[in-house]
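Subject: Structure handover

Hello,

Here is the structure I promised you. Please open it and keep it beside this email while you read.

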Amino acid sequence: MRTSTARTPRFIHGAESTEAQQDSIGTQFADAREMCAEHGWTVVGEDSDEGFSAYSGNRGPALERMIALAARTAADPARTAAVVPP
């Protein structure tokens, strides 16, 4: 049996590759929190990486931690997990 997506825990990750993007991580978190609230999703974790770039193929260690945490959460048969991208 699959759980409802409304009860699926959400993990929020923010990333910023340069200092020129003033408070873009804060904005990413705010946008992701708003999206979760609109859908009734529960945010169970947040983390961010600064100085990493998807363009270079390295999104950073915080994203890797979030993916691992989501996988461990998904291993619980009573719950599923998803990563909410910024």
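Does Ile12 count as buried or exposed? Ile12 has 0% relative accessibility, so it counts as buried. You will find Ile12 in strand 1, which covers residues 9-16. Look across to Leu63 as well. Ile12 and Leu63 are 51 residues apart along the chain, yet their C-alpha atoms are separated by 9.1 Å. Keep in mind that this is a predicted model.

Now the overall layout. The protein chain has two helices and three strands. Read from the N terminus, the order of the elements is β-α-β-α-β. The chain has 86 residues, and 30% of them are buried. It exposes about 5500 Å². Carbon and sulfur atoms supply 53% of that area. Next, the contacts. Take those between residues at least 6 apart in sequence: 61% of them join residues at least 24 apart.

Next, helix 1. It runs over residues 24-39, which makes 16 residues. From first C-alpha to last, helix 1 reaches 23 Å. That is close to the 22 Å expected at 1.5 Å a residue. Which residues of helix 1 are buried? They are Ser24, Ile25, Gln28, Phe29, Ala32 and Cys36. Look down the axis of helix 1 and these buried residues fall within an arc of 140°, so they line one face of the helix. The face turned away from the buried side carries Ala37 and Glu38, which are exposed. Gly40 follows helix 1, and its phi is positive, near 75°.

Strand 2 comes next on the tour. It spans 42-50, and Val44 is found in it. How accessible is Val44? Its relative accessibility is 41%, so Val44 counts as partly exposed. Pro9 is 35 residues away from Val44 in sequence, but the two are 5.9 Å apart in space, C-alpha to C-alpha. Which residues does Val44 touch, leaving aside its neighbours within four places in sequence? Val44 is in contact with Pro9, Arg10 and Phe11.

Arg10 is worth a second look. It lies over the face of Trp41, at 3.8 Å from the ring centre. What about rings beside rings? A search of the whole structure finds zero aromatic pairs.

Now find the loop between strand 2 and helix 2. Helix 2 covers 61-74. Two residues of this loop deserve your time.

- Gly51 lies in this loop. At 56% relative accessibility, Gly51 counts as exposed, because the cut-off for exposed is over 50%. Its C-alpha is 6.0 Å from that of Glu16, and the two residues are 35 residues apart along the chain. Leaving aside neighbours within four places in sequence, Gly51 is in contact with Glu16 and Ser17.
- Arg59 has its place in this loop too. At 32% relative accessibility, Arg59 counts as partly exposed. The C-alpha atoms of Arg59 and Gly14 are separated by 9.8 Å, with their positions 45 residues apart along the chain.

To practise, start at Ile12, which is buried in this model. Then go to Val44, which is partly exposed. End at Gly51, which is exposed.

Best wishes

Methods:
Residues are numbered from 1 along each chain as its sequence is written. This is a predicted model: local features need pLDDT of at least 70, side-chain atom pairs count only at pLDDT 80 or more; totals for chains, interfaces and linings use all residues. Side-chain values use heavy atoms; hydrogens and water are left out. Rings of Phe, Tyr and Trp (its six-membered ring) pair if their centres lie within 6.5 Å; planes under 30 degrees apart count as stacked, over 60 as edge-to-face and the rest as tilted. A charge sits over a ring if NZ of Lys or CZ of Arg is within 6 Å of the ring centre and within 35 degrees of the ring normal. Helices (H or I, at least four residues) and strands (E, at least two) are DSSP runs, numbered from the N terminus. Buried means under 20% relative accessible area, exposed over 50%, partly exposed in between (1.4 Å probe, protein chains only). Contact means heavy atoms within 4.5 Å. Accessible areas come from the Shrake-Rupley method with a 1.4 Å probe; for residues, only the protein chains shown count as cover. The expected span of a helix is 1.5 Å times one less than its number of residues. The arc is that of the directions from the helix axis to the C-beta atoms.
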